[in-house]
Amino acid sequence: MKISSSRIVWSGFLTAISAIAVYSCQTNAKSESTSAEVKPPAAVLLQADSAAIPDGKYGEAVKYGQALMYRTAYYIGPEGINGRYLGNRMNCTNCHQNGGTKPYSFNLMLSHEQYPQYRAREGKVLTLAERVNNCINRPHNGKSLPLDSKEMVAFLAYFRWINSFVPKGQPHKGGKNLDVVLPDVAASPARGALLYVQHCERCHGKNGEGIMTADKGTFVYPPLWGPSGYQPGSSMHRIIKQAQWLKANMPFDKATWEKPFLSDEDALDIAAFVNDDSRHPRPNPKTFDYPHIDEKALDYDKGPFADTFSVSTHKYGPYKPMISYWKSKGQKVTY
């Protein structure tokens, strides 16, 4: 049977058109599928499961480290059963809530993988063990644990264990503090005093003394100033840093990180009142911080400074002019 060349050409043309159409549809479908897949995964909220602590010697160290977080004063406080290292009766979980696993509460679940790291406050690279001792020395007004002590090993084992719950290669939230929007005005201790009476005094006392347990061994609600309070130089002594923590966590029975109770300005004002050293005495630090003045945190109030702003402005703000100035000079802004 004889087939004309024109029919062969036409048949080939139709076949080519069909192939192009099929390829186009497949390409479009693949493109649409790829487009849908590139959406970033949702951030996972950091949380740990205490029931998953392993057995064995390592598990025992983890359990002791967890106990040290919750009952620091009992084990290593002024009358600690395993050593007397703290200068007050506060517990680590007063600031690092839920044993350092509560989101947006000075969360510690990333600490194991973040150290050693350079710390501007000390002007050097610190190990995680040295960072633990910083907390014991400053907020707890105490003396350093030996680096090879059972307690230090337990702290580090616990931090390694809670770090195992951090999703690797996936975004997460809760490891840092909540941001606060900085206003155009300075934080006000006077406004903060009124807010303190309204929201804080019932737990932390009229004189910031806190409420102790019945046996006086530790605090149900920690002191905010006075001889049992944290030292200047502690993170809580900085206005912005404390306001971020307050926003997510206080009042404890009203606020959540998802639904804060205090406004950003209220949190800053309360932090300004609590940290007003002209009103509230606290233990004196043995040393001051930031040996390199151009690395000082924005809200750190001990001079000298790498700018012309006053001590009061560094402590209370307004912070926006300082931020603009630092950025104009190419300086890194931290707070």
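Begin by selecting cysteine 200, which counts as buried at 13% relative accessibility, because a residue is called buried when its relative accessible area is under 20%. Keep in mind throughout the tour that the model on your screen is predicted.

While cysteine 135 is the next residue to select, notice how its setting compares with that cut-off: cysteine 135 is partly exposed, with a relative accessible area of 23%. Now show the sulfur atoms of the cysteines and look for the partner that lies closest to the sulfur of cysteine 135, which is the sulfur of cysteine 92, at 6.9 Å. That distance is too far for a bond, because two cysteine sulfur atoms have to be within 2.5 Å to count as a disulfide. Returning to cysteine 200, you will find that the nearest cysteine sulfur belongs to cysteine 203 and is 8.6 Å away, and that cysteine 200 is in no disulfide. A search of the whole structure likewise finds zero disulfides.

Next, select helix H6, which covers residues 128-137, together with strand E3, which covers residues 124-126. Each of these two elements supplies at least two residues to the lining of the second largest pocket, and H6 gives the most, with three residues. The pocket itself has a volume of about 270 Å³. To find its centre, select Glu122, Asn134, Asn137, Arg138 and Thr287, which lie nearest to that centre among the 18 lining residues. If you colour the lining by residue class, it divides into eight charged, five polar and five nonpolar residues.

From there, move to helix H7, residues 150-163, and select asparagine 163, which is found in this helix. Is asparagine 163 buried or exposed? With a relative accessible area of 6%, asparagine 163 is buried. Leaving aside its neighbours within four places in sequence, you can display the residues in contact with asparagine 163, which are Met109, Leu110, His112, Glu113 and Lys168. Add leucine 108 to the selection as well: leucine 108 and asparagine 163 are 55 residues apart along the chain, yet their C-alpha atoms are separated by 8.1 Å.

Finally, show the whole protein, whose secondary structure comes to 13 helices and six strands. Of the 335 residues in the protein, 46% are buried. Among the contacts with a separation of 6 or more, 62% are between residues 24 or more positions apart. Switching on the surface brings the tour to its last stop, an accessible surface of about 17,700 Å², of which 57% belongs to carbon and sulfur atoms.

How values were computed:
Residues are numbered from 1 along each chain as its sequence is written. This is a predicted model: local features need pLDDT of at least 70, side-chain atom pairs count only at pLDDT 80 or more; totals for chains, interfaces and linings use all residues. Side-chain values use heavy atoms; hydrogens and water are left out. Buried means under 20% relative accessible area, exposed over 50%, partly exposed in between (1.4 Å probe, protein chains only). On a 1 Å grid over the protein atoms alone, a cavity is a set of points where a 1.4 Å probe fits but cannot get out, and a pocket is an open set with protein on both sides within 12 Å along at least five of seven lines; lining residues have an atom within 4 Å of a point. Grid points are joined across faces, edges and corners, and a volume is the space filled by probe spheres set on the points. Helices (H or I, at least four residues) and strands (E, at least two) are DSSP runs, numbered from the N terminus. Ala, Val, Leu, Ile, Met, Phe, Trp, Tyr, Cys and Pro count as nonpolar, Asp, Glu, Lys and Arg as charged, and the others, Gly among them, as polar. Contact means heavy atoms within 4.5 Å. Accessible areas come from the Shrake-Rupley method with a 1.4 Å probe; for residues, only the protein chains shown count as cover.
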